[in-house]
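Open the model in your viewer and keep the selection box at hand. The tour goes stop by stop: what to select, then what is there.

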Amino acid sequence: MSVSWNFQFCTITQSIKGEGILNRNQRHTRAEMEKIAVLVLVLGCCFCAADTNETGQNSESTSPCDMCSLTTIALNVGTLGEKVANMADKITFLETKLQNTDREVLELRSLIGGTPQVAFSAALRDSGSGDIGPFTTATPLKYKKIFSNYGDCYNPSTGIFTATVSGVYFFRFSMFNNLSPTPNSVVCLKKNNERLTSVWDVNGSDSNDMGSNAAVISLKVGDNVYVELQANRLVFDDAGNYNTFSGFLLFTM
């Protein structure tokens, strides 16, 4: 009986241990399965002992406890342990993949999810050529040829950029003087009614002169920024798009 049980126990444990190098999760799972297998064997011994006491038969006689059935149960337990270990590996893989996905989502949110996209660029004329101005009063220039207008904050009908997000912005504009013998071009970048920067060309006998200027400013929601042609001044433009107005949000506040 002792030899038979030793053989059965070795068979059970070998079926559970399997082959190859096990990781920590698999060793833990299979150790639990070995405990279950030992418990099954102990219970089997108890049942066999009880049957022997009741029938008065010794250990060498035929017992109701079928050793073949017990071996089959043990092997099934070992197979179940293998499946549990494989499932544990898959769960670990899925958890790692989920963590990586969460990290990528957070990175995307930090790049685009939480930051409004505000940027525009436009040229003065969408067709034709010639001077624009002069006007008897200072007038915002209407840059009608739109290159980009993310956020729809720039209005080509008025030439005015209106902030929809409070933050720090960058603006740049360029000017091409008139082609008459005497230059007479003055434009200013304005925030609401405040003059920020200017470009002038009112002296000299040459023509085809250009200038540009820029500013980094803070805006609140509703603030307006525009390029203003001064009274009795003029600028020239054609398909070359010399006069431009651009801006974009640097960061929110």
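**Stop 1: two loops with positive phi**

Select Asn-232, which sits in the loop between β11 and β12 (235-237). Keep in mind that this is a predicted model. Check the backbone: phi of Asn-232 is near 65 degrees, a positive value in a residue that is not glycine. Is Asn-232 buried, partly exposed or exposed? Asn-232 counts as partly exposed, because its relative accessibility is 48% and the partly exposed class covers values between 20% and 50%.

Now select Asp-152. This residue is in the loop between β4 (145-150) and β5 (154-155). Asp-152 is not a glycine either, yet its phi is positive, at about 55 degrees. At 66% relative accessibility, Asp-152 counts as exposed, since the exposed class starts over 50%.

**Stop 2: a cis peptide bond**

Select Gly-133 and Pro-134 together. The peptide bond from Gly-133 to Pro-134 is cis, and its omega is near 0 degrees. Where is Pro-134? Pro-134 belongs to the loop between β2 (130-132) and β3 (139-140).

**Stop 3: the second largest pocket**

Move on to the second largest pocket. Its space is about 160 Å³. To see the lining, select Leu-124, Arg-125, Asp-126, Ser-127, Ile-132, Phe-135, Thr-139, Pro-140, Leu-141, Lys-142 and Lys-144. How many lining residues of the second largest pocket are nonpolar, polar and charged? The lining has 5 nonpolar, 2 polar and 4 charged residues.

Stay with one of the lining residues, Thr-139. Thr-139 is in strand β3. Its relative accessible area is 22%, so Thr-139 is partly exposed; the buried class would need a value under 20%. Draw a distance from the C-alpha atom of Thr-139 to that of Glu-228: the separation is 5.4 Å. Along the chain, these two residues are 89 residues apart.

**Stop 4: a salt bridge**

Keep Glu-228 selected and add Lys-190. The two residues form a salt bridge, with 3.4 Å between the closest N and O atoms. Side chains of opposite charge can pair when their charged atoms come close. How many salt bridges does a search of the whole structure find? The search finds 1 salt bridge. Lys-190 is in strand β8 (residues 185-191) and Glu-228 is in strand β11 (residues 224-229), so the pair ties together parts that lie 38 residues apart in sequence.

Colour both partners by accessibility. Lys-190 has a relative accessible area of 12%, so Lys-190 is buried. Glu-228 is buried as well, with a relative accessible area of 9%.

**Stop 5: the largest nonpolar core**

Hide the side chains shown so far. Then select Phe-161, Tyr-169, Phe-171, Val-187 and Phe-245, the residues with the most contacts inside the largest nonpolar core. That core has 28 residues. Now show the strands: β1 (119-123), β7 (167-176), β8, β10 (210-219), β11 and β13 (244-252) each supply at least two residues of this core. Which strand gives the most to this core? Strand β7 does, with 4 residues. In soluble globular proteins, nonpolar side chains tend to be buried together.

Zoom in on Phe-245. Its place is in strand β13. Phe-245 counts as buried, because its relative accessibility is 0%. Add Ser-174 and draw the C-alpha distance: the two atoms are separated by 6.8 Å. In sequence, Phe-245 and Ser-174 are 71 residues apart.

**Stop 6: along strand β13**

Select Leu-250, which is also found in strand β13. Is Leu-250 buried, partly exposed or exposed? At 41% relative accessibility, Leu-250 counts as partly exposed. Connect its C-alpha atom to the C-alpha atom of Val-118: the distance is 8.8 Å. The chain separation of this pair is 132 residues.

**Stop 7: the cysteines**

Finish with Cys-153 and Cys-188. Cys-153 counts as buried at 5% relative accessibility. Cys-188 is buried too, at 0%. How many disulfides does the structure have? The count comes to 0 disulfides, where a disulfide needs a pair of cysteine sulfur atoms within 2.5 Å.

Conventions: Residues are numbered from 1 along each chain as its sequence is written. This is a predicted model: local features need pLDDT of at least 70, side-chain atom pairs count only at pLDDT 80 or more; totals for chains, interfaces and linings use all residues. Side-chain values use heavy atoms; hydrogens and water are left out. On a 1 Å grid over the protein atoms alone, a cavity is a set of points where a 1.4 Å probe fits but cannot get out, and a pocket is an open set with protein on both sides within 12 Å along at least five of seven lines; lining residues have an atom within 4 Å of a point. Grid points are joined across faces, edges and corners, and a volume is the space filled by probe spheres set on the points. Ala, Val, Leu, Ile, Met, Phe, Trp, Tyr, Cys and Pro count as nonpolar, Asp, Glu, Lys and Arg as charged, and the others, Gly among them, as polar. Buried means under 20% relative accessible area, exposed over 50%, partly exposed in between (1.4 Å probe, protein chains only). A salt bridge is a side-chain nitrogen of Lys or Arg within 4 Å of a carboxyl oxygen of Asp or Glu. A nonpolar core is a set of buried Ala, Val, Leu, Ile, Met, Phe, Trp, Tyr and Cys residues joined through side-chain atoms within 4.5 Å.
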